Amino acid sequence: MTPSPDIDVAIAGAGVIGASTAWHLAQAGLRVAIIDAEGPAAAASGASDGAVSVASKKPGVMARLASASLAHTATLAKGGPLSRAFRRRPSFLFGQGPEEAAALDALAAKLAQIGGPVSVENDGGAALLPGCGMGVDRIVRLMGEGHMPGHKAVHGYLASAGDRVQRIWPARLKGHEADATGVTLDLGMSQLRAGFLIVAAGLGAGELWPQLPLIPRAGQLIVTDSGPAGVLPGALTAAAYLLAKTRDGAPPPRPPVVIDPLSTGQYLVGSTREAHGDPRLNDFATIAALMERAAAVWPPLLGRRIIRIFTGVRAAVADGLPVFGTLPDSPRVLLATGFEGDGICLSALIGREAARIACGDGVTAGLEADLAALSPTRFTKHARWGAA
Amino acid sequence: MTGQVVLVVGAGLAGLGAAVELVRAGQRVTVVDQTQAAGGAIHRQPLPGRPSIARTAEHRRWQSLMAEVRAAGIEIRTETRFGGIDSTGEVLLTGAAPGFLRPKALVLATGAREAVQPRPGWTLPGVMTVGAIQTYLKTQAAPPLGRIALAGSGPLLLAAAAQLCALGRPPVAVIEAGRPFAHPLAALRLPPGYLAEAAAYMRRLVVARVLILTASHVTRISEDAAGLTVEIERGARRRRLACDLVGLHDGIRPNDAGLPDIAPIPVVRLGDCREALGARAALADGRNGGRRLAAQLSGTLAPALSQELQRQRRAQGLLARIYANDGADRLATLPGDTVLCRCEMRTLDDLRALGPAPTDRMLRLDGRFSMGPCQGRFCAEWVQRLAGRSGPARRIGAARYPAAPITVADLLAAQKSREGESP
Ligand SMILES: Cc1cc2nc3c(=O)[nH]c(=O)nc-3n(C[C@H](O)[C@H](O)[C@H](O)COP(=O)(O)OP(=O)(O)OC[C@H]3O[C@@H](n4cnc5c(N)ncnc54)[C@H](O)[C@@H]3O)c2cc1C
């Protein structure tokens with residue numbers, strides 16, 4: 001005899017993906033519990049930048065999904081759960097030298113192909129951005145993108161869902177048993193019975209399913225003290241960052257800096273892609289190299305103090321695409337992980353679609369093919385998935 | 001690739017004690033200190049041209065240690081700030097000579113810092129730590145202007161008050177939360193030096209007729225055109241006192257730079273930076289720790305831990321009993337608008353808005369506690385207590401670089417010094 005479910009849907013992982021999913025499910029009127037090994041925004045979502053950017057996505061599936069997610073994010077920001085998290089702002093991409101120039105050309109072509117909501121507003125020299133310094137041959141100014149710190153999104157979703165979502169932390173999902181009527185979750189000290197399980201555990205999913213090719217990608221970030229806000233009207237991103245994201249593996253020609261002006265008047269400067277998962281590792285050589293380029297391009301940084309340096313760890317997938325979809329042998333378990341450097345941007349869409357699947361509605365029309373490309377079935381030649 | 005020198009951070013008793021012993025054991029040592037002269041907290045040196053206000057015994061101890069330092073030929077780089085050691089073992093130095101260094105071992109002897117418990121008005125201009133007032137006295141050899149009130153708890157209040165008397169500006173009051181004079185038996189068990197020192201301070205205060213209130217708490221500090229007003233509570237009685245400057249001090253804590261412990265070389269913390277036991281312990285701990293580190297580096301047998309440490313630990317335990325008070329319990333009754341984090345002016349109400357049992361991440365990311373330039377050095381302890389944590393948590397979440405804010409310009413100056421370096 002299997003017990004009847006305590007709740008309709010259990011979500012493991014209270015990062016931005018889990019929190020968005022929880023909110024969308026609560027909106028649909030389901031009984032939801034969100035479980036986290038530590039608490040909200042404990043991993044990547046609490047240690048990231050937060051660009052909601054189409055420009056930085058690989059052309060194709062990712063760029064299309066990012067574009068659709070950006071539109072949904074903007075909707076949720078109009079009086080909805082993201083109203084205090086998401087901010088629209090222009091974004092500037094800059095380049096120096098032929099390789100970065102080529103990357104900017106490719107960017108313009110990609111955006112034209114998607115056809116909105118992000119577009120090139122201006123493309124020219126350093127004069128496009130008053131105050132910028134040496135080391136800039138060309139600047140592309142984009143309209144339509146935005147910024148959303150991961151923890152603010154998590155907070156917004158959970159606060160807006162209120163007590164319609166049951167919070168369970170600290171509690172780690174250690175395994176599960178799926179059957180015809182639901183899923184029994186093993187939380188170590190206790191069990192929980194749900195009709196459906198969504199695993200949005202970031203790198204934690206790799207512990208539950210070792211056959212998933214999840215790899216950690218660390219990124220070092222720098223936070224300055226605060227000063228007058230609004231001097232830099234939007235993120236300033238090196239074209240090398242686009243190259244780092246699209247040409248997996250090959251080192252970018254110059255430090256792939258992103259300079260993000262935060263609403264607090266602080267600057268956030270990033271970032272690297274390093275092949276380890278230890279958030280304690282920082283090194284001055286890397287930080288100084290990032291800062292050197294950042295300050296050359298945006299000299300006002302020279303008047304600031306660095307108050308914090310830290311490392312965030314993204315969950316990447318070997319083939320460069322996230323993992324999203326139900327397990328081949330248990331349709332009541334859905335995996336959503338491996339968003340690497342794009343999870344904040346994709347969270348609105350992924351949460352909505354995960355909720356639709358859990359409700360039995362199927363994904364939004366038009367997204368079927370792109371989401372199917374993310375399905376975990378692509379790793380299942382022989383692997384057994386059911387019992388983690 | 002590690003270098004040949006042992007880097008000692010902090011030129012106080014512990015740092016120099018360690019440096020001298022390391023050199024004696026055949027190690028090469030560089031000492032850095034962020035201030036203008038060696039001395040640390042206890043032997044803070046006067047500015048050039050100013051006399052020293054140190055007592056004779058203190059002065060002698062310092063002179064003899066410095067003689068050893070000179071004899072050992074130890075280089076002390078002053079006005080040089082330690083920015084941290086990264087996970088590859090590289091140290092960032094900023095200030096007088098910015099640059100990077102790869103030491104073979106690191107001694108952190110950065111001393112203690114003061115704890116100041118939040119109370120309404122503690123962030124007003126004119127309110128500082130008692131230690132900051134003392135630093136002023138030692139470097140300027142003159143008292144700050146105006147009427148001074150000292151409040152909080154611990155032997156430092158009496159010491160600073162006596163120094164103010166000696167410089168001709170007795171404080172208007174010493175407001176001590178504990179009842180140090182109500183434990184004569186415990187006091188008698190203190191090492192003799194402690195009692196003699198306390199007696200000398202008390203004589204000064206009595207002669208200058210300084211108002212000493214015990215079992216008393218400053219509940220609020222406010223400001224008007226005439227200066228500052230402190231509100232004092234003693235049991236059911238209240239009184240107000242006008243002054244221009246308030247020194248607060250609620251004990252000392254190790255100033256462990258809060259760095260993640262992942263450097264690939266030996267890193268030892270010595271003196272108050274490891275355990276705040278005061279000057280007598282710091283010198284002993286520095287010397288002993290220096291010898292132990294030298295033994296570790298050369299693969300020889302380490303000497304036993306210093307006996308002096310045990311003695312001083314007992315003495316500090318007695319002092320804690322003598323000064324025991326319920327000050328920390330008052331946190332729970334603070335008004336909601338009391339500032340807890342002065343970097344970003346976050347209040348008790350902001351903390352309560354996070355709901356019951358917030359996680360460290362929620363305290364940081366949603367509450368923005370410990371996110372400012374001080375990285376929670378001053379507020380973490382109180383925030384953790386108020387958030388219902390038990391145990392002495394002195395930080396919220398993982399330790400982060402840098403040890404103290406560094407200017408972007410300094411970082412780039414250090415980076416520049418790499419150029420022309422042989423690979
Ligand atoms: C330096 C850096 C910069 C970034 N910049 C951007 C950017 O500009 N734009 C962007 O879109 N994205 C960015 N990202 C990526 C983004 O942060 C992530 O893609 C996103 O946060 C992933 O969210 P998530 O919910 O999948 O995972 P996470 O946020 O990692 O959450 C996983 C949660 O699951 C919990 N968990 C793990 N295992 C278990 C278990 N067994 N049981 C219960 N709970 C468990 C964890 O405690 C954690 O809270 C950046 C990331 C980094 C590191």
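This report describes the overall form of chain A, the domains of chains A and B, and some residues with unusual backbone geometry in a predicted model.

**Chain A as a whole**

Nine helices and 19 strands make up the secondary structure of chain A. Its C-alpha atoms occupy a box of roughly 70 × 40 × 40 Å along the principal axes. The radius of gyration of chain A is 21 Å, which agrees with the value near 21 Å that a compact globule of 388 residues would have.

Of these 388 residues, 56% are buried. Among the contacts in chain A with a separation of 6 or more, 74% are between residues 24 or more positions apart. The exposed surface of chain A comes to about 14200 Å², and 56% of that area is supplied by carbon and sulfur atoms. Chain A carries 35 positive and 32 negative charges, and the mean positions of the two sets lie 3 Å apart.

**Domains**

The domain assignment divides chain A into domain 1, with residues 7-45, 151-212 and 320-379, and domain 2, with residues 90-144 and 214-317. Nineteen residues of domain 1 of chain A and twelve residues of domain 2 of chain A take part in the contact between them. Taken over C-alpha atoms, the centres of these two domains of chain A are 30 Å apart.

For chain B the assignment gives domain 1 (6-112 + 253-302), domain 2 (127-250) and domain 3 (335-386). The centres of domain 1 of chain B and domain 3 of chain B are separated by 32 Å, again over C-alpha atoms.

**Surroundings of B:Arg287**

B:Arg287 belongs to helix α7 of chain B, which covers residues 279-298. This arginine has a relative accessible area of 17%, under the 20% limit, and therefore counts as buried. Leaving aside residues up to four places away in sequence, B:Arg287 touches B:Gly17, B:Ala18, B:Val20, B:Glu21, B:Arg24, B:Leu65 and B:Glu68. Two glutamates, B:Glu21 and B:Glu68, and one arginine, B:Arg24, are thus among the residues that B:Arg287 touches.

**Backbone geometry**

Most residues other than glycine have a negative phi, and most peptide bonds are trans. The table lists exceptions in this model.

| Feature | Residue(s) | Value |
|---|---|---|
| Cis peptide bond | A:Gly270 and A:Ser271 | omega about -20° |
| Cis peptide bond | B:Tyr401 and B:Pro402 | omega about -15° |
| Positive phi | A:Ala41 | phi about 55° |
| Positive phi | B:Arg209 | phi near 55° |

The cis bond of chain A joins A:Gly270 to A:Ser271. A:Gly270 is the last residue of β16 (267-270), and A:Ser271 lies in the loop between that strand and α7 (284-297) of chain A. In chain B, the cis bond joins B:Tyr401 to a proline, B:Pro402. B:Pro402 is placed in the loop between α11 (380-386) and β21 (406-407) of chain B.

The residues with positive phi also lie in loops. A:Ala41 is found between β2 (32-35) and β3 (51-52) of chain A, whereas B:Arg209 is found between α6 (192-207) and β12 (211-213) of chain B. Are these two residues buried or exposed? A:Ala41 is buried, with a relative accessible area of 4%. B:Arg209 has a relative accessibility of 74% and counts as exposed, because the cut-off for that class is over 50%.

Key:
Residues numbered from 1 in each chain as written. Chains lettered and ligands numbered in written order. Predicted model: local features only at pLDDT ≥ 70, side-chain atom pairs only at ≥ 80, totals over all residues. Heavy atoms only, no water. Helix = DSSP H or I, 4+ residues; strand = E, 2+ residues; numbered from the N terminus. Rg over C-alpha atoms; globule rule 2.2 N^0.38 Å. Buried < 20%, exposed > 50% of the residue type's maximum accessible area, 1.4 Å probe, protein only. Contact = heavy atoms within 4.5 Å. Areas by Shrake-Rupley, 256 points an atom, 1.4 Å probe, with all protein chains shown as cover. Lys, Arg positive; Asp, Glu negative; His and termini not counted. Charge placed at Lys NZ, Arg CZ, Asp CG, Glu CD. Domains from an automatic or database assignment.
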